[in-house]
Amino acid sequence: MKYNYISKNIIIFQTISFYWKRIDKKIYIYKIYIVNYLHWNIMNYTVHFKNVTVKLSGVEILKQVSAFVPKQGSTAVVGPNGAGKTTLLLALLGQIPFDGSIDTNPESKSLKIGYVPQRLHFDRGLPMTVLEFLLMDFQRFPLWMGTRKIYKERAMASLESVHAENLYQRPIGVLSGGELQRVLLALALQQKPDLLVLDEPAAGVDIHGEHIFCELLEKLRAKHCFTQLMVSHDLATVTHHATHVICLNRTVIAQGPPQEVLTNDNLSALFGLHRGLINIEAMPMDELPHIGCATCTCLEKNKITETSPLREHNE
């Protein structure tokens, strides 16, 4: 009986050892897969923010921000007002001091950055045409001393790339918001950047103009293969045009593809209760809009529920 007991224990031990080796081998393989996947994601980036912290006048604006911008993708930074989105861009551009590190891909020896600001503050009465404004990027001496033909051709090519060649003789001070944004985009693209940084480029532009601008950006990115990093408040635009999203509210709430990141839980953590989602079932019946008003018609047509598509507040 003692011999049988020992034999059974030996058999059980051998069986467990056999299967454990197989399990351990699979775990090892999975570890390799995970490491390779993470390595690919980290190495396939243009910019990598590592524990970036920004304090200005004793106020902590960004805290331990760690995120990456995938190479040749369209990355959108979203978050409420005061979340530090523009501050993150300024840290990337070297305009403000910060703790932590901002690394670029080792494969990119010298990263060229093009920047389109949210607003350009200048004297609207400035006697300067759009073409002269773009030529300032090349000129190293006053414009009244003349300009080289090759510089004019480059400036005109930049305007043509953003479909704004008809503006070259217009005074820069009389341009509309959408026209000025196109000119600023042309200026940013003149140096053939590896990374195009845009701070709410559609601010002050109507919905149709914003759609045209985003479509134009997609075509330019596909043609020139640059990486795009953009701050945006419009979740609908981000959903349709971004390939990677960073949800930022002083620190990173979530990051990844839009369909995985822009969830109710993440948006609640990012924007709070007033995040632009409407649950009509939660509204008291006596507080519903009267029949015939625009809001009620909108609700009735779209059948908005808790699981409806994202809608952002118009700010």
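Two strands count as paired here if DSSP finds at least two bridges between them. With that in hand, β3 (residues 74-78) and β8 (residues 244-248) qualify, since 4 bridges join them, and they run parallel. Keep in mind that this is a predicted model. Below is a quick tour of the sheet these strands belong to, the helices lying across it, and a loop residue, I96.

**The sheet**

- β3 and β8 sit in an open sheet of 6 strands, ordered β5-β6-β7-β3-β8-β9, and the pairing is mixed.
- The edges are taken by β5 (113-116) and β9 (252-256); each has a single partner strand, so one side of each is left without a neighbour in the sheet.
- On average, neighbouring strands in this sheet are turned by 15° against each other, ignoring direction.
- As a general reminder, strands of a sheet pair through backbone hydrogen bonds, either parallel or antiparallel.

**Around β8**

- On the β3 side, V77 stands opposite I246 of β8.
- With β9, β8 pairs in the antiparallel sense, again over 4 bridges.
- One of the residue pairs there is L248 with V252, its bridge partner in β9.
- β8 and β9 form a hairpin with 3 residues between the strands, and R250 in this hairpin takes a positive phi near 70°.

**Helices across the sheet**

- α2 lies across β3, β6 (195-199), β7 (227-231) and β8, and it runs at about 145° to β6.
- Most of α2 is covered, with 6 of its 8 residues buried.
- The buried residues in α2 are K85, T87, L88, L89, A91 and L92.
- Right after α2 comes G94, which has a positive phi, near 75°.
- Another helix, α5 (residues 177-189), lies across β5 and β6, running at about 170° to β5.

**I96, a loop residue**

- You'll find I96 in the loop between α2 (85-92) and β4 (99-104).
- Is I96 buried or exposed? I96 has a relative accessible area of 16%, and the cut-off for buried is under 20%, so I96 is buried.
- Apart from neighbours within four places in sequence, I96 is in contact with V54, T87, L90 and A91.
- Of those partners, T87 and A91 are among the buried residues of α2.
- I96 and K55 are 41 residues apart along the chain, and their C-alpha atoms are separated by 9.5 Å.

Definitions and conventions: Residues are numbered from 1 along each chain as its sequence is written. This is a predicted model: local features need pLDDT of at least 70, side-chain atom pairs count only at pLDDT 80 or more; totals for chains, interfaces and linings use all residues. Side-chain values use heavy atoms; hydrogens and water are left out. Helices (H or I, at least four residues) and strands (E, at least two) are DSSP runs, numbered from the N terminus. Buried means under 20% relative accessible area, exposed over 50%, partly exposed in between (1.4 Å probe, protein chains only). Contact means heavy atoms within 4.5 Å. Axes are lines fitted to C-alpha atoms, for helices over the stretch in contact, and angles run from 0 to 180 degrees between N-to-C directions.
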